[in-house]
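The following exercises concern charged side chains and nonpolar packing. Please work through each task before reading its solution.

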Amino acid sequence: MGRLSIHVLDTTLGIPAAGVAIDLYRLPNPGAGGARLQIKSAVTNSEGRTGEPLLSADPLETGVYELVFQAGNYFRGLGVALTSPPFLDEIVIRFGMADPHGNYHVPLLLSPHSYSTYRGS
């Protein structure tokens with residue numbers, strides 16, 4: 001069974017980022033037109049993960065997706081003084097899923113001024 005999961009880590013504090021709101025969208029196929037479709041919303045738990053995978057199916061629908069992480073709201077909630085507008089507010093990660101049975105894991109390492117991501121395992 002294929003799945004999509006995330007893990008968010010606050011590199012400023014060196015801890016999992018609890019309370020980060022995330023939206024998952026599926027983008028239309030190239031040339032198909034139309035708008036992106038919101039599939040799911042979730043919030044990270046005390047481990048910086050969602051309680052269940054964002055997607056879990058056999059097979060997964062292949063295509064292009066976007067994860068939108070509400071980093072600005074997360075840091076505001078911690079009382080971090082951010083510029084107006086903040087350097088990073090919504091972090092959008094666009095990625096493709098080509099394997100309908102694959103396990104896709106998207107870690108996000110974030111701070112108020114930087115982020116990093118990769119395809120995890």
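Three exercises on this predicted model follow, each with a worked solution.

**Exercise 1.** Determine the environment of Asp-23 and state which side chain of opposite charge is nearest to Asp-23.

*Solution.*
Step 1. Locate the residue: Asp-23 belongs to strand S3, which spans residues 21–26.
Step 2. Test for a salt bridge. The nearest oppositely charged side chain is that of Arg-36, at 7.1 Å. A salt bridge requires a side-chain nitrogen of Lys or Arg within 4 Å of a carboxyl oxygen, so Asp-23, although buried, has none.
Step 3. Look for a polar partner: the side chains of Asp-23 and Gln-38 make a polar contact of 3.1 Å.
Step 4. List the neighbours. Setting aside residues up to four places away in sequence, Asp-23 touches Gln-38, Lys-40, Ser-41, Glu-66, Leu-67, Val-68 and Gln-70.

**Exercise 2.** Find how many salt bridges the whole structure contains, and examine the pairs of Glu-66 with Arg-36, Glu-52 with Lys-40 and Arg-76 with Asp-89.

*Solution.*
Step 1. A search of the whole structure returns five salt bridges.
Step 2. Glu-66 and Arg-36 pair at 2.5 Å, N to O. Glu-66 lies in strand S6 and Arg-36 in the loop between S3 and strand S4 (37–43), so this bridge ties together parts 30 residues apart in sequence. Glu-66 is buried at 5% relative accessible area, whereas Arg-36 is partly exposed at 39%. Arg-36 and Glu-66 also belong to a network of salt bridges with Arg-94.
Step 3. Glu-52 and Lys-40 form a salt bridge at 3.0 Å, N to O. Glu-52 is in the loop between S4 and strand S5 (55–57) and Lys-40 is in strand S4, twelve residues apart. Glu-52 is exposed, with 52% relative accessibility; Lys-40 is partly exposed, at 22%.
Step 4. In the salt bridge of Arg-76 with Asp-89, the closest N and O atoms are 3.6 Å apart. The pair joins helix H1, which holds Arg-76, to the loop between H1 and S7, which holds Asp-89, 13 residues apart. Arg-76 is partly exposed at 39%, and Asp-89 is partly exposed at 30%.

**Exercise 3.** Identify the residues with the most contacts inside the largest nonpolar core, and the elements that each supply at least two of its residues.

*Solution.*
Step 1. The largest nonpolar core comprises 26 residues, and Leu-4, Leu-67 and Phe-69 have the most contacts inside it.
Step 2. Elements that each supply at least two residues of this core include strand S1 (2–10), S3, strand S6 (63–70) and helix H1 (71–77), as well as strands S7 (90–97) and S8 (103–111).
Step 3. Consider Phe-69: beyond four places in sequence, its contacts include Ile-6, Val-8, Ile-22, Ile-93 and Leu-108, and also Asp-89.

Key: Residues are numbered from 1 along each chain as its sequence is written. This is a predicted model: local features need pLDDT of at least 70, side-chain atom pairs count only at pLDDT 80 or more; totals for chains, interfaces and linings use all residues. Side-chain values use heavy atoms; hydrogens and water are left out. Helices (H or I, at least four residues) and strands (E, at least two) are DSSP runs, numbered from the N terminus. Buried means under 20% relative accessible area, exposed over 50%, partly exposed in between (1.4 Å probe, protein chains only). Lys and Arg count as positive and Asp and Glu as negative; His and the chain ends are not counted. A polar contact is a pair of N or O atoms within 3.5 Å; within protein, one must be able to donate a hydrogen and the other to accept it, and residues adjacent in sequence count only if both atoms are side-chain atoms. Contact means heavy atoms within 4.5 Å. A nonpolar core is a set of buried Ala, Val, Leu, Ile, Met, Phe, Trp, Tyr and Cys residues joined through side-chain atoms within 4.5 Å.
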